Amino acid sequence: MHKYITLFFSAALFLCACNGKSIPNDVLKPDAMAAVLTEMHIIDGSLYNTTQIPDSLYKYGAGKYIAMFQRLHTDTAHFNRSMRYYAMQPDKLLAIYDQVDIKIKSKTDSLAKVQTEQSKSTRKLDSLKNLNIKTKIDSARKTHPHENTEARKADSLKNLKTKLKTDSAGRFHPRKIKRARKADSLKNLKS
C-alpha cells in the first residue's frame, strides 16, 4: 500500500511540474498580453465603424496597429509568438481574456460616465438658455406702456397742448401756440 501512495504522489508531482511551466522569455507576460489584446479589440471596434470598401481595413487599420505596438513596446512577431504559446495554454489564455474583459468594461463604463456628465452639462446650459428666453418674454408681457407715471404725465401734457392750440372747430390759433411754446421753455428751464 505504501508503494501505491508513493507512486500516486510522485505522478501527481510530475504532472503538476509539467503544467506549471514558466513563461518563456520570448513570450509576452500575461499582463502585457492582456494590454495588447485590449487595445487590439478597441482598434477592431473602431474599424468596424469605417466604411467597408476594399482595402479599407488595411488603409485605416495598419497605422493604428503599428502605433499600438510601438506604444506597448512590442511588434507583430513577438505578439504572434505569444499568441501561439497562449493558444497551447487555454487556461492561461482564458485568464488573460478575463483581464481583457474587465479592462474593456471599465473603459466602457468610464466613457459612459463622461458622456452622461457632458449631456447633463449641455442640458443644464440648454435649460438656462430656455430660462433666459422665458424671463425676457415674461418681463416684456408684464410691463404696460402707461405704468410709468412720468410717461403718463408727459402724454397728458401733449394732449393738453394739442387742445390748447386748436379751437372747437379744429383751427390753430397762433397765440395759443406761442403760449404753449413759452410754457414748454419755462418747464425746461425749471427742470
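This is a short talk through the helices, the core and a few individual residues of one predicted model.

Hello everyone, and thanks for coming. Let me begin with the overall picture. The protein chain has 7 helices and 0 strands, and reading along the sequence gives the pattern α-α-α-α-α-α-α. The chain has 191 residues, and 15% of them count as buried. Its accessible surface is about 15800 Å², with 62% of that belonging to carbon and sulfur atoms. What about contacts along the chain? Taking contacts between residues at least 6 apart in sequence, 64% join residues at least 24 apart.

Now let's go inside. Which residues of the largest nonpolar core touch the most other members? This core has 18 residues, and the ones to look for are M33, V36, L37, M68, F79, Y86 and I96. Four helices, α2, α3, α4 and α5, each supply at least two residues of the core. The biggest giver is α2, with 7 residues.

So let's find α2 on the screen, at residues 30-48. Its 19 residues should span 27 Å at 1.5 Å a residue, and the end C-alpha atoms are indeed 27 Å apart, so the two agree. The buried residues of α2 are M33, A34, V36, L37, T38, E39, M40, I43 and L47.

I'd like to pause on one name in that list, E39. How accessible is E39? Its relative accessible area is 17%, and the cut-off for buried is under 20%, so E39 counts as buried. If we set aside its neighbours within four places in sequence, E39 is in contact with M68, R71, L72 and K107.

M68 is a good residue to click on next. Leaving out residues up to four places away in sequence, M68 touches V36, E39, M40 and I43. Those four partners are also among the buried residues of α2, and M68 itself is one of the core members that touch the most others.

Let's move along to the loop between α3 and α4, where we find H73. Two things are worth showing here. The phi angle of H73 is near 60 degrees, which is a positive value in a residue other than glycine. H73 is also exposed, with a relative accessible area of 73%.

After that loop we reach α4, which has 13 residues. From its first C-alpha to its last, α4 reaches 18 Å, close to the 18 Å expected at 1.5 Å a residue. Which residues of α4 are buried? They are H78, F79, S82, Y85 and Y86. Looking down the axis of α4, these buried residues fall within an arc of 125 degrees, so they line one face of the helix. If you turn to the face directed away from that buried side, you will see the exposed residues R84 and M88.

Now for the aromatic rings. How many aromatic pairs does the structure hold? There are 2. One of them is F69 with F79, a tilted pair, 6.0 Å centre to centre with 50 degrees between the planes. F69 sits in α3, residues 56-71, while F79 sits in α4, residues 76-88, so this pair ties together parts that are 10 residues apart in sequence. Both of these phenylalanines are buried.

Another pair is Y85 with Y86, and this one is edge-to-face: the centres are 5.2 Å apart, and the planes make an angle of 70 degrees. Y85 counts as buried at 14% relative accessibility, and Y86 counts as buried at 0%. You have met Y86 already, as one of the core residues touching the most other members.

My last stop is L93, in helix α5. L93 counts as buried, at 17% relative accessibility. Which residues does L93 touch, not counting those up to four places away in sequence? The answer is M83, Y86 and A87. For L93 and M83, which are 10 residues apart along the chain, the C-alpha atoms are separated by 8.6 Å.

To wrap up, here is what I hope you take away. The chain is made of 7 helices with 0 strands. Helices α2, α3, α4 and α5 each put at least two residues into the largest nonpolar core, with α2 giving the most. And α4 has its buried residues lined up on one face. Thank you, and I'm happy to go back to any of these residues on the screen.

Note on methods. Residues numbered from 1 in each chain as written. Predicted model: local features only at pLDDT ≥ 70, side-chain atom pairs only at ≥ 80, totals over all residues. Heavy atoms only, no water. Phe/Tyr/Trp six-rings, centres within 6.5 Å; stacked < 30°, edge-to-face > 60°. Buried < 20%, exposed > 50% of the residue type's maximum accessible area, 1.4 Å probe, protein only. Contact = heavy atoms within 4.5 Å. Areas by Shrake-Rupley, 256 points an atom, 1.4 Å probe, with all protein chains shown as cover. Expected span 1.5 Å × (residues − 1). Arc of directions from axis to C-beta. Core = buried A, V, L, I, M, F, W, Y, C linked by side-chain atoms within 4.5 Å.
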